[in-house]
Every structure is written in structure tokens, then in C-alpha cells.
Amino acid sequence: MRHARPEDLDAVEGLLGELREIADLKERKRGNFTRKSKAFLHFHADPDGMFADVREGSDFVRYRVSTRNEQRSFARRVRALVQDGRRTSS
């Protein structure tokens with residue numbers, strides 16, 4: 001599994017657009033997001049599809065994001081993580 005290249009990210013552009021709208025996330029480089037200046041989310045490409053790693057606590061958890069349904073589910077998960085993080089840091 002390798003980090004996603006620009007041409008790989010084209011397949012998840014809709015998801016990237018959704019992630020860009022989430023407050024508290026900053027896209028430092030296409031497909032690489034930080035939150036509170038810490039690495040938070042990035043993508044991988046594999047013959048089995050596209051995957052996203054997102055920080056959950058101190059670890060990264062990998063999610064498959066090849067289909068539109070997987071992407072919608074992942075976007076919901078990311079929004080929940082950001083929202084939970086706001087509650088715990090207040």
C-alpha cells in the first residue's frame with residue numbers, strides 16, 4: 001500500500017470536497033489534512049482500492065473509501081471525530 005498520488009485522489013474528489021468543508025480541518029497538501037497542527041487524515045492507494053487513515057485518539061485507523069457509500073460513511077465518521085474532539089477540548 002502506498003500513499004495516494006494526485007491521480008489516485010481524483011477518484012475521491014467528492015469526498016475531499018466534503019472534508020474541506022469540515023471546520024477545524026486544514027488541507028496542507030491535496031489529500032493530507034491536519035487538525036490543531038497535528039496530522040489527522042491522509043489517503044493510500046492499493047490494488048484493492050482507496051483507503052483513508054484518520055487519527056482516532058493516538059492511533060490512525062484505516063477505512064476503505066472506494067465506493068460512494070464508503071465515502072459517505074467515512075465523511076460522517078470524520079465529522080463525528082471532529083465534533084467529539086471539540087467537546088472534549090472545551
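Is Ala-23 buried, exposed or partly exposed? In this predicted model, for which local features need pLDDT of at least 70, side-chain atom pairs count only at pLDDT 80 or more, and totals for chains, interfaces and linings use all residues, residues are numbered from 1 along each chain as its sequence is written. Side-chain values use heavy atoms, with hydrogens and water left out.

Ala-23 is partly exposed, at a relative accessible area of 44%, where buried denotes under 20%, exposed over 50% and partly exposed the range in between (1.4 Å probe, protein chains only). Ala-23 lies in the loop between α2 (13-20) and β2 (25-29), helices (H or I, at least four residues) and strands (E, at least two) being DSSP runs numbered from the N terminus.

Strand β5 (49-56) is largely enclosed by the rest of the structure, because seven of its eight residues are buried. β5 runs antiparallel to β4, to which six bridges join it, pairing requiring that DSSP find at least two bridges between two strands; β4 and β5 form a hairpin with two residues between them. On the other pairing, β5 and β6 (residues 59-64) are antiparallel over six bridges, with Phe-51 opposite Arg-64 in β6, and Gly-57 in the turn of this hairpin has a positive phi of about 75°.

The largest nonpolar core (buried Ala, Val, Leu, Ile, Met, Phe, Trp, Tyr and Cys residues joined through side-chain atoms within 4.5 Å) has 22 residues, and Phe-74 is among those with the most contacts inside it. The largest share of this core, five residues, comes from α3. Leaving aside neighbours within four places in sequence, Phe-74 is in contact (heavy atoms within 4.5 Å) with residues including Leu-19, Leu-41 and Val-54.
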